[in-house]
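Please open the model in your viewer and keep the selection tool at hand. We will go from stop to stop, with something to select at each one.

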Amino acid sequence: MLRGAIAIFQRDFKKFLSNPFILIMTLAMPIMYLLVFGNAIGGTITGIPIGVIQEQPYITETPLYLTGVDSLINFHNQPDKPALFVVTRFTDEKIAAGALSDGRIAAYVVFPSKIAPDRNIRLYLDSSDYMVPALIQSGVTAAVTGIGVTNSILVNAIYGTIDYLQYFGVGVIVMAIFSTTMFGGGLALIRDREMGIIEGYFVTPVKRSSIILGTIGSGTVRAFLAGFIIFLVDIFIAGVIVRSATDFFLVLLVLFMTSIGVTSLVVSLASRFSSQQEYSSVIAFFNLFLFMTSGAFYPTLGMPSWLRWIIVINPEAYAIHALRSIILRGQGINVIGIDLIALVIFSFGAIMLGIMSYRRTLE
Amino acid sequence: MDSCMAQTWDRIIGRIISSGRMYDAILKAIMGETPRDVVARQTVAAPDDTIIRIEHLTKTFCGRRTVTAVNDVTFDVKRGEIFGLLGPNGAGKSTLIRILTTLMKPTSGTAFLDNYEVTRDDERVRSIIGVCPQNSTLDIELTAYDNLAFYGKLVNVEESLLDTRIWELLAMTELTDRAHSKVATLSGGMRRKLEIVRAFIHHPLILFLDEPTIGLDPEARHEVWQQISMLNTEHTTIILTTHYMDEAEKLCERIAFIDQGRLISLDTPENLKRVMPAGELFELGYDTFNDGVLPVIRSHELVISVEQKEGKIQIAAQNGSNLLPTLITDFSRFGMTATSVSIRVPSLEDVFLYLTGKKFGHNDADVIDPKKRFS
């Protein structure tokens, strides 16, 4: 009995050791969890960009404004961490409101003017983010009361109340696109190759370019549908609101561009790996890594600076930012333009890479 | 190593030339024919009854060990025949098929299929061939019908004819009632038949069958054979690779013996058997063995070859029945007793053995001896 068990043990272990690639990936996974997961999620949020302004008519800066701003700038949530706020001074409330709706700042505080010093301090808040609005509110309250001001604070959540389910739900749309493609599409492609189905194409008059077009096309539609279904779930179950037809089509555009980019990337990855196991280990790593650093779960503000560069190159982060801007904040092309450009660059690069590496496996 | 270098060069030059191909494609779009086409047509005037012409085809694989899988092979295949490529595992049959079906580029030499050159006109070659590869490429998650429909579209069967054609093929394979079953639920024999007719869905001029009956039970093999003969009556040339001698003997009009990448012999099964000078083959079993007997047996006029193997003496001789008493006498002269005697007419396997001096499938454990299966 034991002999058989040992034989199986030896065989499994031999295979495990004979593939250094999988060995490394097996170790890389928990290390990534430790470093990235630990840092990207639940990190201390600091450096929230906010604006300050003094109410019209503007005569001189009031002591309340000066001490209030000073207090905000120097407010630390935790003593050994950087300041909670990065404060920008505005001179016109309209400009501040514009900056808030463009997402350049997460909130702005309006202090009363000299002629009506007893009026409320008004706080306008981007309520679409997770954790950040609550932090701003408690931070501003603490900073203001800390200097002995008695004016009450009037809070305006400019996007109303947004549940975590809605916040997270939008991130899941992108996650659905990535997971469907990486696990479903890529593995199916490798299995087709192992089964000789791809080679079967080559003895038919079908052109190489048609094979590539068909493969990327079907994957894109599949990914798009996955994202679209989660979008519908968000609308009907999580209760997100799509404000206009334009918004709806903008969402579809972002979904499509993300889908074609991710599909092409997966086609190129799947072309490079001959075994399902190797591919899976790499893709599981990629998938989790991109998702965790995308801001889908937790605001990217909470990430340490050494990890921030990932947001810049993570297409998933752009897709999520674009979708949240459209769905949760009703922002238009002026805000998501940069995301769209990033997605176009990503998709174009991925398509090129996908075509090149897939073509190589075809030749 | 030289040929490997050449191969690398070819690849680099191929890249450069492929840009020339694009130029050709543009020319073709404008003029309908490129100068290269004209040259190709003029240089390839083959006799009408020849459908495949293979000229000095060589394929070398470079790697840790350089392997010449196909070594300077030249032969023709006639229109409408069932042509067998016969040889042991690793003889180079599949490589040859892969070159002819444009899956692989030859290292040197060339081949023409219906006057299209395999490397230059690969797209046109692909439109006139049907291929049933050695390993199944059916999608087992799709139904039989869907597999045929999918393939039919890949090979440009007209949409309006496709459905009729699929049912025709399903009827041919007696799979009509299983049309909407997933291929995963079909038996090995059914899958094989389905795959063979799939390759035939667009009435190709040439049908390549790479080991069509490998791993099938005797009954399924017979059905596949019937099907192959049936397809041949539709004026399709069939190229068949196999390492089953009986299969080749039964189906093929002409057979090419291939071993270690070389063409050893090519002829009809009857003529191939005639190559063997021996009329009959003897196997004499013995209890004790005495070395002295072999030269004595060899010295007889009618004896062609003598071999001692696994407790038996194998003798190839003309007019063996007359020789038998003499052999028995020889045995007793050396104090040996014949424990068993068998005489048989040579099969293709014997011819192959005679030509190559080796046994089939020596380095392959799963080779089934067809004689054992069909005894």
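The tour below visits a helix and a sheet in chain A, then the contact between the chains, and then chain B. Keep in mind throughout that this is a predicted model.

**Stop 1: a helix in chain A**

Select residues 20-40 of chain A, which form helix α2. How far apart should the ends of its 21 residues be at 1.5 Å a residue? The expected span is 30 Å, and the C-alpha atoms at the two ends are 28 Å apart, so the two values agree. Now click on A:Met32, where α2(A) bends by about 30°. Move on past the end of the helix to A:Gly42, which follows α2(A) and has a positive phi, near 80°.

**Stop 2: the sheet of chain A**

Next, colour the five strands of the open sheet in chain A, whose order is β2-β1-β3-β4-β5 and whose pairing is mixed. Which strands stand at the edges? They are β2 (85-89) and β5 (153-157) of chain A; each has a single partner strand, so one side of each has no neighbour in the sheet. On average, neighbouring strands here are turned by 20° against each other, direction ignored.

Zoom in on β1 (residues 48-54) and β3 (residues 107-111) of chain A: the two run parallel and are joined by five bridges. To find one pairing, select A:Ile50, whose bridge partner in β3(A) is A:Ala107. Strands pair in this way through backbone hydrogen bonds, either parallel or antiparallel.

Then add residues 132-146 of chain A, helix α5, which lies across β1, β2, β3, β4 (121-125) and β5 of chain A. Helix α5 of chain A runs at about 165° to β4(A).

**Stop 3: where the chains touch**

Show both chains together. Here 14 residues of chain B are in contact with eleven residues of chain A. On the chain B side, the elements giving two or more residues are α4 (122-128) and β6 (129-132) of chain B. The largest share, three residues, comes from α4(B). What kinds of residue make up this side of chain B? They divide into six nonpolar, five polar and three charged.

**Stop 4: chain B as a whole**

Hide chain A for a moment. Chain B has 14 helices and 14 strands, and of its 375 residues, 35% count as buried. Of its contacts with a separation of 6 or more, 71% are between residues 24 or more positions apart.

**Stop 5: the sheet of chain B**

Colour the six strands of the open sheet in chain B, in the order β6-β7-β8-β3-β9-β10, again with mixed pairing. At its edges are β6 and β10 (262-267) of chain B, each with a single partner strand, so one side of each is left without a neighbour in the sheet. From one strand to the next, the twist averages 15°.

Select β3 (residues 82-86) and β8 (residues 237-242) of chain B, which run parallel and share five bridges. B:Leu86 is found opposite B:Thr242 in β8(B). Add helix α3 (residues 93-100) of chain B, which packs on this sheet and touches β3, β7 (206-210), β8 and β9 (254-259) of chain B. The direction of α3 makes about 150° with that of β7(B).

**Stop 6: one residue in chain B**

Finish at B:Asn232, in helix α8 (residues 218-232) of chain B. Is B:Asn232 buried, exposed or partly exposed? B:Asn232 is partly exposed, with 18 other C-beta atoms within 10 Å. Leaving aside neighbours within four places in sequence, B:Asn232 is in contact with B:Ile82 and B:Ile238. For a last distance, select B:Gly261 as well: its C-alpha atom and that of B:Asn232 are separated by 27 Å, and the two residues are 29 residues apart along the chain.

How values were computed: Residues are numbered from 1 along each chain as its sequence is written. Chains are lettered from A and ligands numbered from 1 in the order in which they are written. This is a predicted model: local features need pLDDT of at least 70, side-chain atom pairs count only at pLDDT 80 or more; totals for chains, interfaces and linings use all residues. Helices (H or I, at least four residues) and strands (E, at least two) are DSSP runs, numbered from the N terminus. A residue is buried if 20 or more other C-beta atoms lie within 10 Å of its own, exposed if 12 or fewer, and partly exposed in between; C-beta atoms are placed from the backbone. Two residues are in contact if their C-beta atoms, placed from the backbone, lie within 7 Å. The expected span of a helix is 1.5 Å times one less than its number of residues. The bend at a residue is the angle between axes fitted to the seven residues ending there and the seven starting there. Two strands pair if DSSP finds at least two bridges between them. Axes are lines fitted to C-alpha atoms, for helices over the stretch in contact, and angles run from 0 to 180 degrees between N-to-C directions. Ala, Val, Leu, Ile, Met, Phe, Trp, Tyr, Cys and Pro count as nonpolar, Asp, Glu, Lys and Arg as charged, and the others, Gly among them, as polar.
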